[in-house]
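The following exercises concern charged and aromatic side chains in a protein chain. Please attempt each task before reading its solution.

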Amino acid sequence: MREEGVLFFSKSMKGKRLLSVPVLAVLSLILFTYYTSIFVFLHDWLGLQSSPGTLNAFLYSLFASLTLVSFFCCLLTDPGYVPSSYAPDVEFAKDLLQNAEQMKCNKCYAYKPPRTHHCRVCRRCILKMDHHCLWINNCVGYWNYKAFLVFVLYATISSIYSMIIFISSINQQDWDSIKGNSSLRIFYVTYGVVLLILTITLLTLFGWHVYLILHNMTTIEYHEGNRAKWLAMKSGQSYRHPYNVGAYKNITLILGPNMLKWFCPTAVGHLNPKDGVSFPTLRDNS
């Protein structure tokens with residue numbers, strides 16, 4: 001079903017996607033981190049009744065809520081399916097040095113648009129497929145890539161915020177009073193290590209996708225591009241990613257032309273009205 005430019009799964013599909021161990025694990029981690037950050041560490045650090053404590057609780061709750069909303073957006077939004085009426089543009093195929101057989105999916109036995117790939121988990125072709133994400137139990141593709149990126153951004157900010165609250169709390173902790181409480185000390189150490197790993201992982205993931213957006217690539221296209229570069233070097237030629245049309249334009253193609261809507265996971269009205277079957281290329285700009 002289409003709703004304001006976004007494709008949503010049916011109710012039965014939504015239920016199946018939610019009832020997944022990795023998805024429930026992510027939800028549990030978000031809720032656990034939120035509870036401990038606010039009601040344990042922020043309470044110990046500033047107190048929830050103080051003005052600084054109330055302000056920090058509000059800001060952290062805001063980022064945590066945005067993380068949760070973005071998570072559900074990329075979880076419940078269909079990444080994009082190939083229209084049944086799709087037929088390849090012969091001239092476009094020639095421009096990209098593709099032939100009819102290369103544009104056919106050997107599993108769906110149907111033509112697939114440029115940048116489309118077959119997902120073995122979803123068992124269908126996904127428009128502008130980036131990867132299948134275990135943690136959202138869904139593919140990341142044309143229609144939910146922005147929601148995925150925004151989710152990673154808000155999750156990274158929330159994780160860094162949690163780390164600041166945690167470090168500030170333990171810095172003013174009276175460790176002499178809990179020397180005999182080994183279980184509490186183990187909890188602090190374990191919690192800190194897990195939070196540090198989570199923060200580094202999210203920062204790395206966000207940095208990776210910023211790189212991809214600046215070059216208008218998907219994760220699959222990055223690996224395909226490396227192979228294409230190697231083959232081009234062997235034959236004495238050069239290779240450029242055909243969809244890299246300049247950093248700013250690349251960003252607006254993903255996030256939209258209105259900067260005020262860049263961080264809204266549902267603001268995808270700017271996406272191609274052809275629903276991800278054609279994209280601007282370097283040739284269009286020459």
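The model shown here is predicted.

**Exercise 1. Which residues are in contact with D130, leaving aside its neighbours within four places in sequence?**

Solution. Step 1: With those neighbours set aside, the contacts of D130 are V140, Y145, H209, L212, T218, T219 and I220.

Step 2: D130 itself is placed in the loop between β4 and β5 (131-133).

**Exercise 2. Determine whether D130 is buried or exposed, and which side chain of opposite charge is nearest to it.**

Solution. Step 1: D130 is buried and has no salt bridge.

Step 2: The nearest side chain of opposite charge is that of K128, at 7.8 Å. A salt bridge requires a side-chain nitrogen of Lys or Arg within 4 Å of a carboxyl oxygen of Asp or Glu.

Step 3: The side chain of D130 does make a polar contact, at 2.5 Å, with the side chain of H131.

Step 4: As for K128, this residue lies over the face of Y145, 5.9 Å from the ring centre. Y145 is also one of the residues in contact with D130.

**Exercise 3. How many salt bridges does the structure hold, and which parts of the chain does the pair of D78 and R124 tie together?**

Solution. Step 1: The structure holds two salt bridges.

Step 2: One of them joins the side chains of D78 and R124, with an N to O distance of 3.0 Å. Because D78 lies in the loop between α3 (51-76) and α4 (90-95) and R124 in strand β4 (residues 124-126), this pair ties together parts that are 46 residues apart in sequence.

Step 3: D78 has a relative accessibility of 9% and therefore counts as buried. R124, at 21%, counts as partly exposed.

**Exercise 4. Describe the salt bridge between E221 and R115, and state where each residue lies.**

Solution. Step 1: The side chains of E221 and R115 meet at 2.7 Å, N to O. E221 belongs to helix α7 (residues 219-234) and R115 to the loop between α4 and β3 (117-119), so the bridge ties together parts 106 residues apart in sequence.

Step 2: E221 is buried at 6% relative accessibility, and R115 is buried with a relative accessible area of 7%.

**Exercise 5. Which aromatic pair is stacked, and which is tilted: F41 with F187, or F41 with Y191?**

Solution. Step 1: A pair of aromatic rings is described by the distance of the centres and the angle of the planes. The count for this structure comes to 19 aromatic pairs.

Step 2: F41 and F187 are 6.4 Å apart, centre to centre, with 10° between the planes, and this pair is stacked. F41 lies in helix α2 (residues 21-45) and F187 in helix α6 (residues 182-214), so the pair ties together parts that are 146 residues apart in sequence. F41 counts as buried at 1% relative accessibility, whereas F187 is partly exposed at 31%.

Step 3: F41 and Y191 form a tilted pair, 4.9 Å centre to centre and 45° between the planes. This pair also links helix α2 with helix α6, across 150 residues. Both F41 and Y191 are buried.

Step 4: Ring pairs join F32, F41, F166, F187, Y188 and Y191 into a cluster.

**Exercise 6. Over which ring does the charged end of K104 sit?**

Solution. The charged end of K104 sits over the ring of Y111, at 5.2 Å from the ring centre.

Note on methods: Residues numbered from 1 in each chain as written. Predicted model: local features only at pLDDT ≥ 70, side-chain atom pairs only at ≥ 80, totals over all residues. Heavy atoms only, no water. Helix = DSSP H or I, 4+ residues; strand = E, 2+ residues; numbered from the N terminus. Buried < 20%, exposed > 50% of the residue type's maximum accessible area, 1.4 Å probe, protein only. Phe/Tyr/Trp six-rings, centres within 6.5 Å; stacked < 30°, edge-to-face > 60°. Lys NZ or Arg CZ within 6 Å of the ring centre and 35° of its normal. Lys, Arg positive; Asp, Glu negative; His and termini not counted. Polar contact = N/O pair within 3.5 Å; in protein donor to acceptor, adjacent residues only side chain to side chain. Contact = heavy atoms within 4.5 Å.
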